[in-house]
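Biologist: I am new to reading protein models, and I would like a close look at a single part of this one. Could you pick one strand and walk me through its surroundings?

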Amino acid sequence: MKQLSYSAPERETILQCDDETKTWSITTLQPTVITKLKKANIEAYKVTQDGMHWYKNIDFNRISFRNESNRQPMTDEQRKAAAERLRRAREKK
């Protein structure tokens, strides 16, 4: 199957959620999304000649969106203290 080359703005992912059946339908040209779905054992039911992957009837709970982390970066002192706690915990084992 010959894949056409698309520019970045042309590669898109469309997610559709059906509240009645609690399932997702996904259409994507983005290689990163295709790989993530494949690693999650979600297989496309159709792949078109241009490389568009179509997924359907994906259980609602299989797709999630993570919140952005709001943790503050550690200071050097905090990093050293954490490393010391980890070292002591490993010694106890």
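Modeller: Happily! Let me begin with a term we will need: a nonpolar core is a set of buried Ala, Val, Leu, Ile, Met, Phe, Trp, Tyr and Cys residues joined through side-chain atoms within 4.5 Å. Please keep in mind that this is a predicted model. In it, the largest nonpolar core has eight residues: Trp24, Ile26, Ile34, Leu37, Ile42, Tyr55, Ile58 and Ile63. Strand E2 (23-28), helix H1 (31-39) and strand E4 (53-59) are the elements that give two or more residues to this core. As a general background, nonpolar side chains tend to be buried together in soluble globular proteins.

Let us make strand E2 our part. Where does E2 sit in the sheet? The open sheet has four strands, ordered E1-E2-E4-E3, with antiparallel pairing, and E2 therefore has E1 on one side and E4 on the other in that order. The edges belong to E1 and E3, which have a single partner strand each, so one side of each lacks a neighbour in the sheet. As for E2, five of its six residues are buried, so the strand is largely enclosed by the rest of the structure.

Now look at the two partners in turn. With strand E1 (residues 13-18), E2 pairs in the antiparallel sense over six bridges. Two of the matches are easy to find: Cys17 has Trp24 as its bridge partner in E2, and Thr13 has Thr28. E1 and E2 form a hairpin, with four residues between them. In that turn, Lys22 has a positive phi of about 55 degrees. With E4, the pairing of E2 is also antiparallel, over five bridges, and here Thr27 stands opposite Trp54.

Next, zoom in on two residues of the strand. Trp24, which we met in the core, has contacts beyond its sequence neighbours up to four places away, namely Leu15, Gln16, Cys17, Lys56, Asn57, Ile58, Asp59, Phe60, Ile63 and Phe65. Among these, Ile58 and Ile63 are also members of the largest nonpolar core.

Thr27 is the other residue to look at, and it too is found in strand E2. Is Thr27 buried or exposed? Buried means under 20% relative accessible area, and Thr27 counts as buried because its relative accessibility is 13%. Leaving aside neighbours within four places in sequence, Thr27 is in contact with Glu12, Thr13, Ile14, Met52, His53 and Trp54.

One of those contacts, Met52, leads us just outside the strand. Met52 has its place in the loop between strand E3 (46-47) and E4. With a relative accessible area of 14%, Met52 is buried as well. Besides Thr27, Met52 touches Thr28, Leu29, Lys46 and Val47, again not counting residues up to four places away in sequence. For a sense of scale, the C-alpha atoms of Met52 and Glu91 are 52 Å apart in space, and the two residues are 39 apart in sequence.

To finish, here is a feature that involves E1, the hairpin partner of our strand. The largest pocket holds about 330 Å³ of space. Its lining has 13 residues, and those closest to its centre are Lys36, Leu37, Arg62, Ile63 and Ser64. E1 and H1 are the elements that give two or more residues to this lining, and H1 has the largest share, with three residues. By class, the lining has eight nonpolar, two polar and three charged residues. Leu37 and Ile63 tie the pocket back to the start of our tour, for they are also members of the largest nonpolar core.

How values were computed: Residues are numbered from 1 along each chain as its sequence is written. This is a predicted model: local features need pLDDT of at least 70, side-chain atom pairs count only at pLDDT 80 or more; totals for chains, interfaces and linings use all residues. Side-chain values use heavy atoms; hydrogens and water are left out. Buried means under 20% relative accessible area, exposed over 50%, partly exposed in between (1.4 Å probe, protein chains only). Contact means heavy atoms within 4.5 Å. Two strands pair if DSSP finds at least two bridges between them. On a 1 Å grid over the protein atoms alone, a cavity is a set of points where a 1.4 Å probe fits but cannot get out, and a pocket is an open set with protein on both sides within 12 Å along at least five of seven lines; lining residues have an atom within 4 Å of a point. Grid points are joined across faces, edges and corners, and a volume is the space filled by probe spheres set on the points. Ala, Val, Leu, Ile, Met, Phe, Trp, Tyr, Cys and Pro count as nonpolar, Asp, Glu, Lys and Arg as charged, and the others, Gly among them, as polar.
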